[in-house]
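Please keep the sequence and the coordinates side by side while reading, since the paragraphs below move between the two. They take up a pair of helix packings, one residue of a strand, and a few backbone angles.

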Amino acid sequence: MDAKLEIGTTCTVGIGGSYGGRCRNEDNFLVAQRGSARLRDDDGAEVVRQLAGHGIMLAVADGMGGHDHGDVASAAAVQALAKLWQQGRPEDPEHVLLDWVPSTHKRIRKVLARSGTVNMGTTLTTLWIVGDHLGWVHVGDSRLYRLRDGVLTRITHDQTHAEFAHRDHRDPGPNATYPAQNFIFGSRGLGEDGGLRLDPGMDTGTLDLALGDRLLLCTDGICGFLGDQRIASILSRARSAQEAAEDLVDVAMECGSDDNLTAIVAQV
């Protein structure tokens with residue numbers, strides 16, 4: 001039997017263009033469980049679609065800031081994931097997601113290239129719960145956390161030049177803190193290099209679930225402005241998953257976030 005979760009979700013443009021923030025929301029999300037999938041559609045409206053899927057799938061996607069149609073890329077990512085969710089119950093969710101991301105990346109880039117330069121992209125952090133464990137995969141600098149017994153663990157690694165240099169035992173160079181790849185559907189670095197790097201066991205993984213766990217998936221509008229200690233405090237004190245998601249967004253904006261903000265909090 002699949003784990004039962006209480007899920008809270010918040011996805012907002014943030015402070016808005018009038019106050020120095022984003023003029024449109026390029027974030028998106030997916031909450032797929034029990035015959036329905038909740039996400040933002042192509043027009044930016046939150047919708048619930050009646051779909052038959054397996055287990056529980058959650059995802060956040062942050063369209064590339066400063067690029068054309070970041071909202072289109074993030075919407076395409078979560079819509080494609082919703083289709084994957086419907087395809088059958090996976091025996092190994094981690095490996096299914098690991099195979100799916102690069103193949104979908106290549107397929108959509110090929111379609112987009114027919115109309116010219118691929119000038120869009122999105123981060124993607126997603127998990128698929130089957131039974132009492134989950135598989136996850138991660139591209140970019142959105143994040144997945146787990147709070148267990150009051151201890152917060154950051155599961156994902158931001159894909160910066162410094163991170164990949166550390167893995168490869170080399171000097172990160174002058175742009176250490178910059179993103180090392182411009183994410184799913186986009187290009188690595190600059191230009192038209194469409195390669196996507198995913199290191200199994202580093203950018204993917206499997207986690208067990210225990211009663212009382214709280215999972216957080218969020219975009220960098222939140223984790224870019226709140227340290228892990230502040231995130232742990234908010235997750236611990238909130239009375240519900242929805243309250244936790246809303247509090248994370250509110251506190252991040254109080255701390256100066258001018259980005260789009262998305263949080264999914266799931267309590268086992």
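A residue is called buried here when its relative accessible area is under 20%, and exposed when that area is over 50%. The model is a predicted one, and the values that follow are computed from it.

With that cut-off in hand, the walk can begin at helix α1, which runs over residues 70–85, counts 16 residues and reaches 23 Å from its first C-alpha to its last, close to the 22 Å expected at 1.5 Å a residue. Of its 16 residues 12 are buried, and α1 is therefore largely enclosed by the rest of the structure. Among these buried residues are Gly 70, Ala 73, Ser 74, Gln 79 and, at the end of the helix, Trp 85. The cover over the buried residues of α1 includes the strands β2 (27–33), β3 (36–40), β4 (46–50), β5 (56–62) and β6 (124–130), together with helix α2 (93–113).

How do α1 and α2 lie with respect to each other, given that their axes come within 12 Å? The axes cross at roughly 135°, and the two helices are therefore oblique to each other. The crossing of α1 and α2 is right-handed. On the α1 side the residues that meet the partner helix are Ala 77, Ala 80, Leu 81 and Leu 84, while α2 brings Val 96, Leu 97, Trp 100 and Thr 104. Sorted by class, this contact of α1 with α2 has seven nonpolar residues and one polar residue, with no charged ones.

Strand β2, part of the cover over α1, holds Phe 29, which has 0% relative accessibility and therefore counts as buried. Leaving aside residues up to four places away in sequence, Phe 29 touches Thr 9, Cys 11, Arg 38, Leu 39, Arg 40, Glu 46, Ala 59, Val 60, Val 78, Thr 262 and Ile 264. One of these partners, Val 78, is itself among the buried residues of α1.

The second packing involves helix α6, which spans residues 241–254, has 14 residues and reaches 20 Å between its first and last C-alpha, close to the 20 Å expected at 1.5 Å a residue. Its buried residues include Ala 241, Glu 243, Asp 247, Leu 248 and Val 249, and what covers the buried residues of α6 includes β1 (6–12), β11 (214–218), α4 (220–223), α5 (228–237) and β12 (261–267). The axes of α5 and α6 come within 8 Å and cross at roughly 145°, and α5 passes α6 in a right-handed crossing. This contact is made by Arg 230, Ile 231, Ile 234, Leu 235 and Arg 237 of α5 and by Glu 243, Ala 244, Asp 247, Leu 248 and Val 251 of α6. By class, the contact of α5 with α6 has six nonpolar and four charged residues, with no polar ones.

Some backbone angles remain. After α6 comes Gly 256, whose phi is positive, near 105°. Positive phi is also found in Asp 149, a residue other than glycine, with a value near 55°, in the loop between β8 (143–148) and β9 (151–154). His 169, in the loop between α3 (161–168) and β10 (204–208), likewise has a positive phi, near 60°. Are these two loop residues buried or exposed? At 77% relative accessibility Asp 149 counts as exposed, and His 169, at 73%, counts as exposed too.

Terms used. Residues numbered from 1 in each chain as written. Predicted model: local features only at pLDDT ≥ 70, side-chain atom pairs only at ≥ 80, totals over all residues. Heavy atoms only, no water. Helix = DSSP H or I, 4+ residues; strand = E, 2+ residues; numbered from the N terminus. Expected span 1.5 Å × (residues − 1). Buried < 20%, exposed > 50% of the residue type's maximum accessible area, 1.4 Å probe, protein only. Contact = heavy atoms within 4.5 Å. Axes fitted to C-alpha atoms, helices over the stretch in contact; angles between N-to-C directions. Parallel < 35°, antiparallel > 145°, perpendicular 65-115°, else oblique. Left-handed = near helix turned anticlockwise from the far one by under 90°. Nonpolar A, V, L, I, M, F, W, Y, C, P; charged D, E, K, R; others polar.
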